[in-house]
Amino acid sequence: DNSENIDTFSQSLREISADLASSSTPSHQREQSRDQLPQSLNSMSMHGSSTMHGSSTMHGPATAMKRKSFTSPALSKSTHRLSIRRERTGSGKLGQSLHGLRELRGSMPPRESMTQSDDASAESGETGRLQDGTSVPYFEKLVWVCEQLDYPFEYADIVGSQFLGLEGAATVTHVDGHVPTMDELVEFLALAFICLADFADMIVLFIDDFQWVDSFSWKIFRVLCKRGKKMLMLCAMRSHDKQALRRLSTAANRQGEIQNQMIEISMVPLNFSEIELLMATVLGYHKNAIPETLCTDVFQRTAGLPVYVVQMLENMKRKKTVELGDDGMLTWTAAGLKDKRAASSNQTGAVMEETFLSRFDGLDVQVRKVLQSCAVLGLRFALSDVIQVHPDMEEADIENALDSAVDELVLIEQIEDEDDGEDELSMKSDSISNKSESSPSNTTDKSGEGLAKATFSDRFFQFSHAMWRKNVLTTMLKERKMELHRMIAESMEKNQVVILEESDISRLLTLFDHWKSCGDFSKSAPLALTVGARLEEWDLCAQSLELYEDALEMSFDSVNVADDAETEWVQVSAKPSVLDLILRLHVHVGLCYKKLGDDEESILTFEDAYKIMRTASKVPNASKGLMIPIISSLCVLQMSRPALDTQTKVKHEKLLEKFVTEAMNTRSTVHVARALCMQAVFHSRYGELDRACASIDRLRTVYNVEKHSVDMTEEYGRDYAIEALAESVQWYYLLEQHERAEDQADQVIEKYLPLIDPLDVDACMNVILPIVQVFRLTSRVDDADWLLKRYVINPAHEHASNSQFWIPLFNPLAYVIELIMMEESEMFDEETILEMENWALAGSDVEYAEELEKKAHTMIGEICWRLANYRDEGDPVREKLEAKAQELLQPVAHYPHGEFFLRKTALALMEAF
């Protein structure tokens, strides 16, 4: 009975295979996940191709590519019509999720050059403090942290050069060829912070504007919450930002242990008694002299917001708009009453803007001029930067102006304590004479080298509040602001302070901001591409996307739109260099959307890029190489979507034909082979096996595996041709061409499999799995067993493979092969069979990855079916096994998915019942 049932299964599978030619095409297929869009583009950058690390892509290490090779194939490396459908584009407010990156450098001024000193690296106990109190450069501290945490020193270089811009840090982005992922960097940064602060009895960490927290910062915050001890975190956020509050609350709820540690404190506006106390302190009167009516006036004009109250009181003090009356109580002067009547007709925001501007107008004209330049430079800036944009002023005059602004509480100076090296904020200026005597080197060359030669004696300032900078900027003409932004940007580039390949991200973002404020797309777009590529290396795709879209929005100011344009796609004209940058930004935007899981936006973006390429009257030479990345990305994305009707299937088929045509136009064997592989797999998933084999025949005529495999792997991350040739073994088998199927399998095993890195378990499994599936049906189960153990199971265990993707399939594969071997040898191990039954009925109930689920269920269903044949009719265990098999096989057999061979196998097993 046993052998008869097995013969029934084989016969059923052959009968189903013989009917393929006359079978109708399913209406709904799902692309196999191996053709999903890759995690990164191999070498898309403003300079074209990039250096590869082994077989990895530019945006990920070799190990990461291996780890994701099944689900993440890499793309090729290699308007004059623009869409005006911009409502799907982001807001372009770069100051939110990139806010932290922009301000990292600003909060950490340059330090003296590193000194190699034994004393400087001395430690005291476990705290990491210096025995002699010597100030250690920040980079030295990072190196010390790496020693304490047993991290490679390259982590200090990566964080020091790319995030903090520290002197002495080497400009590297990888550790022994591996680019750290975002999670790895998060872990290091959090542990580094804990290590550096471990000496303290208690750590108070204050984070402002927490409503703008991005994914990178949030991950660090989570690790600090989990791993940090004796730490109090204060996170300030705007209560009126309801969307941010919901987002934070949702994220916190997913982390139960964090939610339990959080305490929400509502910071309500100042009440009358608090305003009264503040007025007494600022104005210098006893609180008994302050009437309630005066507090009411202040509250109505400021809504009780502390920053507004302080500014209003400072304005009252300077303008002397209050005085003591005969009754000993403060009252408004005539000027104060006039201001009060004028403010009564305006909203709070407008009133406070007037207050800020009033104080600004009261400053000396030279102070106002310098402050305007400071506002353009940013929230934080250095004295040397201000000197650069004021070549017409003496340095002493500039310093006097900045000191006056500090005295007026408009600016705050950041001062380093010479005793312990800690940074402090000063709201009181020192005299210029004292600074000159103590710092004779406090000069900066105005000939164009000031920014590059900023030394320890440079001074660093910041606005006391962002409201000050915002209001100072409103006093400037747009043309003047653009002029200053251009002057600063040109100075930064002229002095070689910014080198695209080496500068830290925060400095590059500063330069990007200045060129963007000038409206210079040709200057800002290359910076966006460079910085975005670095962020993608650390999986910061959301930040990269914001940056790319911010730059892409500027492109509309760089093209000429036809006057009669009324449709979604409008006729425009642009310089070749501008068109090239627009196309490159489209490609990167599309990739980021895919990595973030938004396939719809990714498809729309690549469709836009393809339309631009096809409708341009002349594509720039530099952009011609982008056609393959664009159309291949579009194909991968579209093929992964189900074709619910014939029209959609025909659309996908035509797109693939265009891919083949464009690939042939490039005369690149690798691109043509990739297109033909994708076309063959597409036909196979719709049951059109004859057409799939025809594509394989074309592939053989153009692609020499031994000659081109290295190029294919370098270009696309893995050799899709070998995988397609291996998969064709199943197609020949289903077409009843069994001899050809075995010949093809032998050729792949003997000639092609040795070309694959034996430690790359993912790549090996992609090749041998289709062959193993056929071998166990053609009396070559011993070969299937040898292949599986030789190329997959043993390497995975012996070399501790980084990839865990295929491991859940090891048991089902091993069990089904062992069962077939028992049947063929007619030697049955009852103990092993009992073990398999227990596993099949209970141990196999695990959740498999979506890409593995149908494979696993088909194998487990076959195991249950074969085990049931060992039991007699009416045996309760047999009934359970048969029920389990039908439960697993029925969805695979009848759901219109794209794994055609699995469907036919499941159907044959179902019919064998």
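Start with the whole protein chain in cartoon view: you will find 39 helices and 11 strands. What you are looking at is a predicted model. Now switch on the surface. The accessible surface of the protein chain comes to about 41,400 Å², and carbon and sulfur atoms account for 49% of that area. The chain has 913 residues, and 53% of them are buried.

**Stop 1: helices α4, α6 and α7**

Before you select anything, here is a handy idea: a pair of packed helices is described by the distance between their axes and the angle between them.

Select residues 182–196, which form helix α6, together with residues 215–227, which form helix α7. Their axes come within 9 Å and cross at roughly 50°. An angle like that makes α6 oblique to α7. If you turn the view so that one helix lies over the other, you are looking at a right-handed crossing.

Which residues of α7 does α6 meet? Show the side chains of Ser-215, Phe-216, Lys-219, Ile-220, Val-223, Leu-224 and Arg-227. On the α6 side, the residues in the contact include Met-182, Leu-185, Leu-189 and Phe-193. Sorted by class, the residues of this contact are 12 nonpolar, one polar and four charged.

Keep α6 on screen and add helix α4, residues 138–149. The axes of α4 and α6 come within 10 Å, crossing at roughly 100°. The two helices are therefore roughly perpendicular to each other. Look for Lys-141, Trp-144, Val-145, Cys-146, Gln-148 and Leu-149 in α4, which meet Phe-188, Leu-191, Ala-192, Cys-195 and Leu-196 in α6. Here the classes are nine nonpolar, one polar and one charged. Notice Leu-191: it is listed in the contact of α6 with α4 and also in the contact of α6 with α7.

**Stop 2: Asp-539, a link back to α6**

Next, select Asp-539, in the loop between α22 and α23 (541–554). Is this residue buried, partly exposed or exposed? Asp-539 is partly exposed, because its relative accessible area is 31%, a value between the 20% and 50% cut-offs.

Now bring back Asp-183. Asp-539 and Asp-183 are 356 residues apart along the chain, yet their C-alpha atoms are separated by 8.4 Å. Setting aside neighbours within four places in sequence, Asp-539 is in contact with Thr-181 and Met-182. You have already seen Met-182, as one of the α6 residues that meet α7.

**Stop 3: helices α21 and α22**

Step back along the chain to helix α21 (residues 505–518) and helix α22 (residues 521–537). Their axes come within 9 Å and cross at roughly 155°. That makes α21 roughly antiparallel to α22, and the crossing is left-handed.

Show side chains again. In α21, pick out Ile-505, Leu-508, Leu-509, Leu-511, Phe-512, Trp-515 and Lys-516. They meet a set of residues in α22, among them Lys-523, Leu-527, Val-531 and Arg-534. By class, the contact has 10 nonpolar, one polar and three charged residues.

**Stop 4: Tyr-732**

Go to helix α31 (residues 720–734) and select Tyr-732. How much relative accessible area does Tyr-732 have? The value is 0%, so Tyr-732 is buried.

What does Tyr-732 touch? Beyond residues up to four places away in sequence, the list is Cys-693, Ile-696, Asp-697, Arg-700, Gln-737, His-738, Arg-740, Ala-741 and Gln-744. Try a distance label between the C-alpha atoms of Tyr-732 and Cys-693: they are separated by 7.9 Å and lie 39 residues apart along the chain.

**Stop 5: two loop residues**

Select Ser-779, in the loop between α33 (761–775) and α34 (781–798). Ser-779 is not a glycine, but it has a positive phi of about 60°. With a relative accessible area of 62%, Ser-779 is exposed.

Then jump to Glu-826, in the loop between α35 (810–825) and α36 (830–843). Glu-826 is not a glycine either, and its phi is positive at about 55°. Glu-826 counts as exposed, at 65% relative accessibility.

**Last stop: Pro-891**

Finish in helix α38 (residues 876–894) by selecting Pro-891. Pro-891 counts as partly exposed, at 45% relative accessibility. Add His-857 to the selection: the C-alpha atoms of Pro-891 and His-857 are separated by 9.2 Å, with the residues 34 apart along the chain.

Definitions and conventions:
Residues numbered from 1 in each chain as written. Predicted model: local features only at pLDDT ≥ 70, side-chain atom pairs only at ≥ 80, totals over all residues. Heavy atoms only, no water. Axes fitted to C-alpha atoms, helices over the stretch in contact; angles between N-to-C directions. Helix = DSSP H or I, 4+ residues; strand = E, 2+ residues; numbered from the N terminus. Parallel < 35°, antiparallel > 145°, perpendicular 65-115°, else oblique. Left-handed = near helix turned anticlockwise from the far one by under 90°. Contact = heavy atoms within 4.5 Å. Nonpolar A, V, L, I, M, F, W, Y, C, P; charged D, E, K, R; others polar. Buried < 20%, exposed > 50% of the residue type's maximum accessible area, 1.4 Å probe, protein only. Areas by Shrake-Rupley, 256 points an atom, 1.4 Å probe, with all protein chains shown as cover.
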